[in-house]
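I opened the notebook to record what I looked up in this model, entry by entry. My aim was to go from the interior outwards and to keep each entry to what the coordinates show.

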Amino acid sequence: MDYSNRVNSKKGAGGIASAEDQNVHSKKRVQELLATHILDIDNDPYVFRNHLGILECRLCLTTHNNESSYISHLGGRKHHLNLERRRILDEKSRQHQEFQQKVQDQVSISNVEKRHWKKIGRPEYKVEKLRHPKTLQLGILITVKCPKITVEEPFFRLMSYFELSSKNQNMGMKFIQEFQDVDIEDDVEPSDVQYLVISAEPYENIAIIIPNTDEIDKPQEEGKMSETYWWLWDNDTKEFFLQLMYKKS
């Protein structure tokens, strides 16, 4: 603002500005700001107009009575510093999300391609109770016939109640309750039984409920067989044999 050639002004210095001069200068400054900046409240993520009609900056937590005041704030040091801090935080958040997504993609079970096949019904199977002739251990022998199997051999897995889906949990407990009404006097808890699931594509999976009160006598190493815990796939007759025995109590 030029203060030269005013009353009481010295050469090279500025005189005292009146209130009228200050108002003229403020209006001129507002016009320059409005001409060089277009305030779009709808698309600006940091500005909103409150219930009093005052503009507020969410980033800096400041209030402004009019558009020109907010435009002046946009060009200020405080707003630029907060923008830079926000950019750094957003960058860190983006990198963290990318890292989490990368880890999830590496270990997520959803990445494993699910097997789909047209089921042709349940295979014929038989369950027999056994007793070891020497140790007198109790056990079971399961025989499954799969004449139309399409994989190399069936596979099986022992599962607890808590590993099943909610639908299979309900089906298993419903079957146990129906069986209880006939042969069992005491109530059976979900942890008292386990499920032996045998799969042989394209047949439906079969699940055999066996007691979990005693520990199965099997090797500690996964995938190993023993005299009391073994399985056999006869590729000629298309029959699968599985024997489980319990440890002596």
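The entries below cover the cores, the sheet pairings, the helices and some backbone details.

**Entry 1: the kind of model.** I note at the outset that this is a predicted model, in which local features are taken up at pLDDT of at least 70 and side-chain atom pairs at pLDDT 80 or more.

**Entry 2: the nonpolar cores.** Which residues touch the most other members of the largest nonpolar core? I found that Ile142, Leu196, Ile198, Ile210 and Leu244 do so, in a core that has 21 residues. I then looked up where this core comes from, and found that at least two of its residues are supplied by each of strand 5 (138-145), strand 6 (155-159), strand 7 (193-199), strand 8 (206-211) and strand 10 (239-245). A second core, separate from this one, has 8 residues, among them Met159, Tyr161, Ile176 and Val193.

I followed isoleucine 142 further and left aside its neighbours within four places in sequence. Its contacts are then Lys126, Val127, Leu196, Ile198, Ile208, Phe240, Phe241 and Leu242.

**Entry 3: the open sheet.** In what order do the 3 strands of the open sheet lie? I read the order as 6-7-8, with antiparallel pairing. Strand 6 and strand 8 each have a single partner strand and stand at the edges, so each has one side without a neighbour in the sheet. From one strand to the next the twist averages 20°.

For the pairing of strand 6 with strand 7, I recorded 5 bridges in the antiparallel sense. Methionine 159 has tyrosine 195, in strand 7, as its bridge partner; Met159 is also a member of the second core.

**Entry 4: the hairpin.** Strand 4 (residues 124-131) and strand 5 run antiparallel and are joined by 8 bridges. One of the pairs I looked up is leucine 130 with its bridge partner glycine 139 in strand 5. The two strands, strand 4 and strand 5, form a hairpin with 6 residues between them. Leucine 136 lies in the loop between strand 4 and strand 5, and I noted its positive phi of about 60°, although leucine 136 is not a glycine.

**Entry 5: salt bridges in helix 3.** How many salt bridges does the structure hold? I recorded 5, and looked up three pairs in helix 3 (residues 77-107), beginning with aspartate 90 and arginine 86, which lie 4 residues apart, about one turn of the helix. The closest N and O atoms of aspartate 90 and arginine 86 are 3.2 Å apart. Aspartate 90 counts as partly exposed at 41% relative accessibility, and arginine 86 counts as partly exposed at 37%.

Further along helix 3, glutamate 91 and arginine 94 are 3 residues apart and their side chains meet in a salt bridge at 2.4 Å, N to O. Arginine 94 also forms a salt bridge with glutamate 98, with the closest N and O atoms 2.5 Å apart; these two residues are 4 residues apart in helix 3. Through shared partners, the salt bridges join Glu91, Arg94 and Glu98 into one network. I checked the accessibility of each member: glutamate 91 is partly exposed at 30%, arginine 94 is partly exposed at 37%, and glutamate 98 is partly exposed at 44%.

**Entry 6: helix 2.** I found Ser68, Tyr70, Ile71 and His73 buried in helix 2 (residues 67-74). At the start of helix 2, a side-chain oxygen of asparagine 66 comes to within 2.9 Å of the backbone nitrogen of serine 69.

**Entry 7: loops.** In the loop between strand 7 and strand 8 I found proline 202, and the peptide bond leading to it from glutamate 201 is cis, with omega near 5°.

Lysine 238, in the loop between strand 9 and strand 10, has a positive phi near 55° though it is a residue other than glycine. Lysine 238 is partly exposed, at 24% relative accessibility.

Glutamate 215 sits in the loop between strand 8 and strand 9 (230-234). Setting aside its neighbours within four places in sequence, I found glutamate 215 in contact with Tyr246 and Lys247. Between glutamate 215 and lysine 248 I noted a C-alpha to C-alpha distance of 8.7 Å, with their positions 33 residues apart in sequence counted as separation.

Conventions: Residues are numbered from 1 along each chain as its sequence is written. Side-chain values use heavy atoms; hydrogens and water are left out. A nonpolar core is a set of buried Ala, Val, Leu, Ile, Met, Phe, Trp, Tyr and Cys residues joined through side-chain atoms within 4.5 Å. Buried means under 20% relative accessible area, exposed over 50%, partly exposed in between (1.4 Å probe, protein chains only). Contact means heavy atoms within 4.5 Å. Two strands pair if DSSP finds at least two bridges between them. Axes are lines fitted to C-alpha atoms, for helices over the stretch in contact, and angles run from 0 to 180 degrees between N-to-C directions. A salt bridge is a side-chain nitrogen of Lys or Arg within 4 Å of a carboxyl oxygen of Asp or Glu. A polar contact is a pair of N or O atoms within 3.5 Å; within protein, one must be able to donate a hydrogen and the other to accept it, and residues adjacent in sequence count only if both atoms are side-chain atoms.
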